[in-house]
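Q: I would like to learn how to read the packing of helices and a few local features in a model. Where should we start?

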Amino acid sequence: MQEEKKAETSRTTTTATWAPPKTIDVLFAQTDGNKWTSINRPTAGARSEKELPVGDAPLQLYSLATPNGHKVSILLEELGVKYDAHTIDISQGDQFTSGFVGVNPNSKIPALVDREGAASGDGSSKAQEVKLFESGSIVLYLAEKYQRFLPTDTRLRAEVMNWVFWQMAGQGPMGGNFGHFFNYAPADKVETRNYGVARYGMEVQRLCDVMERHLAQDNKQYLVGNEYTIADIMCYPWFHAMYGFRHNESGVEIKEFLNLNQYTHLLAWHDRITQREAVQRGLAVCGWQPIAKAPENK
């Protein structure tokens, strides 16, 4: 009995309650040591002077073969338009060069420059170069510019927008947070990683279930109106990445860890899209090499 009381006392006295320090800078130092330590800072802006490469095509893509980058490269391949693709290596800080910041002040891939540009709606000005950032913004711009993969019907268009913004606000950020704790957070922060993986892993599963239940209704082939749209192009890359990624050190596959095979309608949707030739080409654009130039004609 006395031993039990001692153990109880020990558990009580050693339990710590978290409280924020005076400033976040203290935590920056304490949690140092992850893969992106040399990259992450609490400030924006260019860190080095370097111009972006520019090719001959009307569209200049600055990106990397990540889920967010894949959204744009897949759409460009589906459209079959001419573009030059330039790899931005975020592990080397390419996103903080003056040239890239000039296109995207937020220093995140992907970014796109439309050199043909767009004139004012009333025709009062000539076409001017358009700089685009945020994958959702780029995808919407291209779909509207080329009048493809975006329904003209008001109701269907609204449904597509629902999924585009759902992806940007939920699937992408939650998937990214999960991936950080699963693969990139400091290895010695075990309790922190367990909490982060559990918290965001559960949310990734919930979001997969949202898609699963939606696709199961009437056995949908695609997210909106049984027509392949930018809703599918936006939502595909993050699930595709989750299904293929694994824990770097242990080799544990995310599809097994999160039991992604339980989402049968979602998997069928994923496989259907993966079989598209343009999707396969889009997944290969802007790989981890200095420059990847897309084919001029598809």
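A: Start with a pair of helices: helix 8 and helix 10 are roughly perpendicular to each other. Note that this is a predicted model.

Q: How are two packed helices described in general, and at what angle do helix 8 and helix 10 cross?

A: Two packed helices are described by the angle between their axes and the distance between the axes. Here the axes of helix 8 and helix 10 cross at roughly 105° and come within 10 Å. Angles from 65 to 115 degrees count as roughly perpendicular, and this pair is therefore put in that class.

Q: Which residues make the contact of helix 8 with helix 10?

A: Helix 8 contributes Asp232, Cys235, Tyr236, Phe239, His240 and Tyr243. From helix 10 come Leu266, Leu267, Trp269, His270, Ile273 and Thr274. By class, the residues of this contact are eight nonpolar, three polar and one charged.

Q: Which residues of helix 10 are buried?

A: The general point is about periodicity. An α-helix has 3.6 residues a turn, so residues three or four places apart point the same way. In helix 10, which spans residues 264-274, the buried residues are Leu266, Leu267, Trp269, His270 and Ile273. Viewed down the axis of helix 10, these buried residues fall within an arc of 160°, so they line one face of the helix.

Q: What covers the buried residues of helix 10?

A: The cover includes helix 7, helix 8 and helix 11, the last of these being residues 277-284. The part played by helix 8 can be read from the contact described above, where Leu266, Leu267, Trp269, His270 and Ile273 of helix 10 appear among the residues that meet helix 8.

Q: Take another pair. At what angle do helix 5 and helix 6 pack?

A: Helix 5 covers residues 135-146 and helix 6 covers residues 154-184. They pack at an angle of about 155°, and their axes are 10 Å apart. An angle over 145 degrees counts as roughly antiparallel, and helix 5 and helix 6 are therefore described as roughly antiparallel to each other.

Q: Which residues of helix 5 and helix 6 meet?

A: On the helix 5 side they are Ser135, Gly136, Leu140 and Glu144. On the helix 6 side they are Arg157, Met161, Val164 and Met168. The residues of this contact divide into four nonpolar, two polar and two charged.

Q: How many disulfides does the structure hold?

A: A disulfide is a covalent bond between the sulfur atoms of two cysteines. This structure holds zero disulfides. Two cysteines can still be placed by their accessibility: Cys208 is buried at a relative accessible area of 7%, and Cys235 is buried at 0%. Cys235 is also one of the helix 8 residues in the contact with helix 10.

Q: Now the backbone. Where is the cis peptide bond?

A: To read a peptide bond, look at omega. A cis peptide bond, with omega about 0°, joins Ile109 and Pro110. Pro110 is placed in the loop between helix 4 (98-103) and strand 3 (111-118).

Q: What else is found in the loop between helix 4 and strand 3?

A: Ser107 lies there, and its phi is near 55°, a positive value in a residue other than glycine. Ser107 counts as buried, at 6% relative accessibility. Asn104 is in that loop too, and is buried with a relative accessible area of 0%. Leaving aside its neighbours within four places in sequence, Asn104 is in contact with Pro110, Ala111 and Phe133.

Q: Is Asn226, with its positive phi, buried or partly exposed?

A: Asn226 is partly exposed, with a relative accessible area of 46%. Its phi is about 55°, although Asn226 is not a glycine. The residue lies in the loop between helix 7 (190-216) and helix 8 (230-244).

Q: Which residues are in contact with Glu51, apart from its neighbours within four places in sequence?

A: Those residues are Ser98 and Gly99. Glu51 belongs to the loop between helix 2 (25-30) and strand 1 (59-63), and counts as exposed at 65% relative accessibility. Its C-alpha atom is separated by 9.9 Å from that of Val101, 50 residues away along the chain.

Q: How many helices and strands are there in the protein chain?

A: The chain has eleven helices and four strands. Of its 298 residues, 44% are buried. Among contacts between residues at least 6 apart in sequence, 71% join residues at least 24 apart.

Key
Residues numbered from 1 in each chain as written. Predicted model: local features only at pLDDT ≥ 70, side-chain atom pairs only at ≥ 80, totals over all residues. Heavy atoms only, no water. Axes fitted to C-alpha atoms, helices over the stretch in contact; angles between N-to-C directions. Parallel < 35°, antiparallel > 145°, perpendicular 65-115°, else oblique. Contact = heavy atoms within 4.5 Å. Nonpolar A, V, L, I, M, F, W, Y, C, P; charged D, E, K, R; others polar. Disulfide = S-S within 2.5 Å. Buried < 20%, exposed > 50% of the residue type's maximum accessible area, 1.4 Å probe, protein only. Arc of directions from axis to C-beta.
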